[in-house]
Amino acid sequence: MAQLDEHCAAELRQLESQNLRRSLRVSARRAKSAVLIEHDGQKFVSFACNDYLGLRNHPKVTAAGTLTAAKFGAGAGASRLVTGNHPFYAPLEAQLAAMKGADAALVFGSGYLTNLGVIPALMQKGDVIFADKLVHACIIDAAQLSGARLIRFKHNDMAHLEALLKEHREESPNALIVTDHVFSMDGDVAPLEAIAALADEHDCWTMVDDAHGLGIVKSRVAIDIWMGTLSKSAGVYGGYVCGSRTLIDFLISTARSFVFSTGLPPALCASAIAALEVLDREPERGERALEHARRVTRALGLPPAQSAIVPIMFGTPEAALAASEKLKQRGLLAIAIRPPTVPAGTARLRLAFSAEHSDAQVNALIAALKKIL
Ligand SMILES: Cc1ncc(COP(=O)(O)O)c(C=O)c1O
């Protein structure tokens, strides 16, 4: 034990010396506001949460969860294949499939678990996965778990993807091109039409992670596999995949993070159903979050925001941390994102906008950023 602690302490010292040690802070949010947060006991307006549509505390979303927990209990009781497939799954999956124009959907425990289940179920040793350089960590973990060969193409660079397809596609029976729709740390959008065209030409399957796009950035491009999360725009928790009926049937039997994990509690699914209904009926929520982001990029002379996420680049972890601290002194919370979450030399503040931010709150952020920058 002492040796284990010594090992961990040495690793921690190493992280600390690079400004890369992370620590947990208590963040409390009251139901009455989507964007006010108590972080380490201090009150802030948060530009750090992924609740883009402000649905986390929508009365219909919270009421659905509360009533359902009271009536159906707190937990699912077992994995979905045993006795955990409660009656809230079918309507939720029907909503998700309809939203993505797919035949069917399957809900997992989280977005991370979705990628970790879907990719290794489909791909194996001898296959090849082409992934954008900036895809989320759980796609990389899933690709590595699958045993398939992982080839990264330069971020959103279709000429590079095409060159790699020409060089490597023929070597494997099955090939998958995978990308984020909206990139979580950069806020830009993948060229899905071009990706789908290349996939068609080179006989590859396509998979898109829409974790940060739901309700904000729409796409009509035909993609084989859409996945996403219920924890960001939908304001609740859980992950999902949408595709053909046959794909979903296959995943029910083969995705290990689905088969061997307990189902989501009924209350979470009921809240997600309510959230997706609001999301569908009130598209202006997404437009408002996007408009806040665009106002900030205009004011700071940055390229126009493509989503509700705006990165402000600082380069070094120290500079990003210092900027985050200065915003905190003004009552504004924006988290410094450092390697390994982002590539070395690209530490940044990641700003995330919500439909629930007021114009005055966004103005205060702009004024503070202008001073800092
Ligand atoms: C692009 C992307 N995919 C997947 C996930 C994982 O989703 P979840 O938080 O539901 O596990 C995240 C979460 O940070 C993400 O940003």
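In what follows, Lys and Arg count as positive and Asp and Glu as negative, while His and the chain ends are left out of the count. With that in hand, let us walk through the structure, which is a predicted model. The chain carries 39 positive and 38 negative side chains, and 8 Å separates the centres of the two sets.

Start with the overall build. There are 14 helices and 14 strands in the chain. A compact globule of 373 residues would have a radius of gyration near 21 Å, and the chain agrees because its own value is 21 Å. Along the principal axes, the C-alpha atoms fill a box of roughly 55 × 55 × 55 Å. Of the 373 residues, 53% count as buried. The accessible surface comes to about 17100 Å², and carbon and sulfur atoms account for 54% of that surface. You may also like to know how the contacts are spread along the sequence: if you take those between residues at least 6 apart, 67% join residues at least 24 apart.

Now let us go inside, to helix 6, which spans residues 137–146. Which residues of helix 6 are buried? They are C138, I139, I140, A142, A143 and S146. It helps to recall that an α-helix has 3.6 residues a turn, so residues three or four places apart point the same way. And what covers the buried residues of helix 6? The cover includes helix 5 (111–122) along with four strands: strand 5 (128–132), strand 6 (149–153), strand 7 (175–180) and strand 8 (205–209). Just after helix 6 comes G147, with a positive phi near 85°.

Two valines help to fill in the picture around this helix. V135 sits in the loop between strand 5 and helix 6. V135 counts as buried because its relative accessible area is 7%, and the cut-off for that label is under 20%. Setting aside residues up to four places away in sequence, V135 touches I140, R152, V178, T179, D180 and F183. One of these, I140, is also on the list of buried residues in helix 6.

The second valine, V208, belongs to strand 8. V208 has a relative accessibility of 1%, so V208 is buried as well. Its contacts, leaving aside neighbours within four places in sequence, are T179, D180, H181, L192, I223, I225, W226 and M227. T179 and D180 are contacts of V208, and T179 and D180 are also touched by V135. How far apart are V135 and V208 in space, C-alpha to C-alpha? The distance is 9.8 Å, with their positions 73 residues apart in sequence. From V208 to C138, the C-alpha distance is 13 Å, and those two are 70 residues apart in sequence.

Next, the aromatic rings. The structure holds three aromatic pairs. One of them is formed by F72 and F88, with an edge-to-face arrangement: 5.1 Å from centre to centre and 90° between the planes. F72 lies in helix 2 (residues 59–72), whereas F88 lies in the loop between helix 3 (80–84) and helix 4 (89–100), so this pair links distant parts of the chain, 16 residues apart. The two partners have their own degrees of burial: F72 counts as partly exposed because its relative accessibility is 40%, and F88 is buried because its relative accessible area is 16%.

Helix 4 also holds Q95. Is Q95 buried or exposed? Q95 counts as buried because its relative accessible area is 18%. Its contacts beyond four places in sequence are I273, L276 and E277.

Finally, a few backbone details are worth a look in the loops. P339 and P340 are joined by a cis peptide bond, with omega about 10°. P340 lies in the loop between strand 13 (335–337) and strand 14 (347–352). N19, a residue other than glycine, has a positive phi near 60°. N19 is found in the loop between helix 1 (2–17) and strand 1 (27–28), and N19 counts as partly exposed because its relative accessible area is 28%. D40, likewise not a glycine, has a positive phi near 55°. The loop that holds D40 runs between strand 2 (36–39) and strand 3 (42–46). With a relative accessible area of 46%, D40 is partly exposed.

Conventions. Residues are numbered from 1 along each chain as its sequence is written. This is a predicted model: local features need pLDDT of at least 70, side-chain atom pairs count only at pLDDT 80 or more; totals for chains, interfaces and linings use all residues. Side-chain values use heavy atoms; hydrogens and water are left out. Buried means under 20% relative accessible area, exposed over 50%, partly exposed in between (1.4 Å probe, protein chains only). Contact means heavy atoms within 4.5 Å. The radius of gyration is taken over C-alpha atoms; the globule rule is 2.2 Å times the number of residues to the power 0.38. Accessible areas come from the Shrake-Rupley method with a 1.4 Å probe; for residues, only the protein chains shown count as cover. The place of a charge is taken as NZ of Lys, CZ of Arg, CG of Asp or CD of Glu. Rings of Phe, Tyr and Trp (its six-membered ring) pair if their centres lie within 6.5 Å; planes under 30 degrees apart count as stacked, over 60 as edge-to-face and the rest as tilted.
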